[in-house]
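Please open the model in your viewer and keep the sequence panel beside it. The tour below moves from one selection to the next and says what is to be found at each stop.

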Amino acid sequence: MFSPEPARADGWMLMPAVLSDGTTMDLLTGGPVDDRSERYSDPLYTRWTKVQERMAMAGYSDYRLEYARSFCRMRNLHLAAGEKPLATFEIHYVQRLIQAPGKGSPTFRDMLIWSHRC
């Protein structure tokens, strides 16, 4: 009925970005930068959730440059009229460590995994 090895952590990415005119935005949502302490990872566990988890792992650090470059290409090569190009951004992975029942609330760890200039 219960998993013998339940997950002890989950997480999500934050990507605060700066456009060429100095405007800040969240690169993942296109909205304002939101650094609230608790979001939720994808409840359906999509392929992009797996990509984000992998990017946060030290063993996949060789992929981070190309991952970051893809965001520059997606934005800067397809600008609509009046849109400003992406200048810089950071990739943070926020890990929520889940405590055992009765041991307290989850704890959070913000890990800066990449800084990029387009």
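Select Cys118 to begin: at 41% relative accessibility this residue counts as partly exposed, a class that lies between buried (under 20% relative accessible area) and exposed (over 50%), as computed with a 1.4 Å probe and protein chains only. The model is a predicted one, in which local features need pLDDT of at least 70 and side-chain atom pairs count only at pLDDT 80 or more, while totals for chains, interfaces and linings use all residues. Residues are numbered from 1 along each chain as its sequence is written, and side-chain values use heavy atoms, with hydrogens and water left out.

Now add Cys72 to the selection. Its sulfur atom and that of Cys118 are 1.9 Å apart, and the two residues form a disulfide, the term being used for a pair of cysteine sulfur atoms within 2.5 Å. By this rule the count comes to one disulfide. Cys72 lies in helix α2 and Cys118 in the segment after β5 (107-117), so the pair ties together parts that are 46 residues apart in sequence. If you display the torsion about the S-S bond, you should find about -75 degrees, which means that the disulfide of Cys72 and Cys118 is left-handed. In contrast to the partly exposed Cys118, Cys72 is buried, with a relative accessible area of 10%.

Stay on helix α2 and select Tyr67 and Phe71. Both lie in α2 (residues 64-76), four residues apart, about one turn of the helix; helices (H or I, at least four residues) and strands (E, at least two) are DSSP runs, numbered from the N terminus. An α-helix has 3.6 residues a turn, so residues three or four places apart point the same way. The structure holds four aromatic pairs. The ring centres of Tyr67 and Phe71 are 5.2 Å apart and the planes stand at 85 degrees, so this pair is edge-to-face; rings of Phe, Tyr and Trp (its six-membered ring) pair if their centres lie within 6.5 Å, and planes under 30 degrees apart count as stacked, over 60 as edge-to-face and the rest as tilted. Tyr67 is buried at 10% relative accessible area, and Phe71 is buried at 12%. Extend the selection to Phe89, which forms one aromatic cluster with Tyr67 and Phe71.

From Phe89, move to the strands. Ala17 stands opposite Phe89 in β4, and Leu19 stands opposite Leu86, also in β4. Strand β2 (residues 16-19) is joined to β4 by three bridges, and the two run antiparallel; strands are taken to pair if DSSP finds at least two bridges between them. Colour β2 by accessibility and its side chains are seen to alternate: Ala17 and Leu19 point to one face and are buried, whereas Pro16 and Val18 point to the other and are not.

Next, select strand β3 (residues 24-26), which runs antiparallel to β2 and is joined to it by three bridges. The bridge partner of Val18 in β3 is Thr24. The two strands, β2 and β3, form a hairpin with four residues between them, and Gly22 in the turn has a positive phi of about 95 degrees.

Then follow β4 to Gln95. Gln95 is the bridge partner of Gly11, and six bridges join strand β1 (residues 9-14) to strand β4 (residues 86-97) in an antiparallel arrangement. In β5, the bridge partner of Gln95 is Arg109, and β4 and β5 pair in the antiparallel sense over 10 bridges.

For the next stop, select helix α1 (residues 47-56), whose buried residues are Thr49, Gln52, Met55 and Ala56. They cover an arc of only 125 degrees around the axis, which puts them on the same side of α1, the arc being that of the directions from the helix axis to the C-beta atoms. These buried residues of α1 pack against β1, α2, β4 and β5.

Finally, zoom out to the protein chain, which has two helices and five strands and follows the pattern β-β-β-α-α-β-β along the sequence. Buried residues make up 30% of its 118 residues. Among contacts (heavy atoms within 4.5 Å) with a separation of 6 or more, residues 24 or more positions apart account for 58%.
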